[in-house]
Amino acid sequence: IVAIPDTQFYTSSYNGGSPAIFQKQVDWIVANQGPLNIVLASHLGDIVDHGAWNPIEYTHASNIWKTMVDSTLTWDLLPGNHEGYGTGWVYNYSNLQNYNRAFPVSIFQGKSWFGGSFPAGTTNNSYVLFSSGGLDFLNISIGCLGFNGTAIDSQSMAWVNSILDKYPNRKAILSTHNYLREGGY
């Protein structure tokens, strides 16, 4: 399982980053799917740096992620706090329009391993199914809420619980962004 955290400096070309670095990461993951038995790639959010006000970062990100979409690898992604920042660095779910335009539910079309998403018509939260080593898994990607992404809204948690209830015999992995803080809260 490959976890892909915080690519925002790559997609924004900030602090020495570049989209080419992110592309090389994705290319490496897809190329090594078979040789290294990679069964899941999960992006953990902060795909872009300025989610609500710099659409070019999403252009970079969605062009790069197309390599995953076109591959046979099972993958998932979720919005981190940077996807939801608006003017004045204020986070709001309504700022996820660019995220959902760049990563619409339709990118999962034809993927037999895609389970679903919430709220309907978004990829704010989603889940995928996969098997490995004789075990069945599900990965639930939960988008974050709040300035530093340290909360998950109650409707999303109810949705997560419904997925866990639907698949009681699968091992569950929960992917999210910046949820557990240093102090344990």
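Which residues in the largest nonpolar core touch the most other members? I'll answer that in a moment, after the overall layout. Keep in mind that this is a predicted model.

The chain has 185 residues, and 49% of them are buried. Its secondary structure amounts to 5 helices and 7 strands. Reading from the N terminus, the order is β-α-α-β-α-β-α-β-β-β-α-β. If we take contacts between residues at least 6 apart in sequence, 69% of them join residues at least 24 apart. On the outside, about 8700 Å² is exposed, with carbon and sulfur atoms supplying 55% of that area.

Now the core. It has 31 residues, and the ones touching the most other members are Trp65, Met68, Trp75, Leu77 and Phe103. At least two core residues come from each of β1, α2, α3, α4 and β5, the last being residues 125-132. The most generous contributor is α3, which gives 6 residues.

So let's look at α3. This helix covers residues 55-69, 15 residues in total, and spans 20 Å from first C-alpha to last, close to the expected 21 Å. Its buried residues are Glu57, Tyr58, Ala61, Ile64, Trp65, Met68 and Val69. The cover over them includes β1, α1, α2, β2, β3 and α4.

Take Met68 as one case. Setting aside neighbours within four places in sequence, Met68 is in contact with Ile4, Val26, Ile29, Val30, Ala41, Leu73 and Trp75.

There is also a second, separate core, this one of 10 residues, among them Tyr127, Ile142, Ile152 and Tyr167.

Terms used
Residues numbered from 1 in each chain as written. Predicted model: local features only at pLDDT ≥ 70, side-chain atom pairs only at ≥ 80, totals over all residues. Heavy atoms only, no water. Helix = DSSP H or I, 4+ residues; strand = E, 2+ residues; numbered from the N terminus. Expected span 1.5 Å × (residues − 1). Buried < 20%, exposed > 50% of the residue type's maximum accessible area, 1.4 Å probe, protein only. Contact = heavy atoms within 4.5 Å. Areas by Shrake-Rupley, 256 points an atom, 1.4 Å probe, with all protein chains shown as cover. Core = buried A, V, L, I, M, F, W, Y, C linked by side-chain atoms within 4.5 Å.
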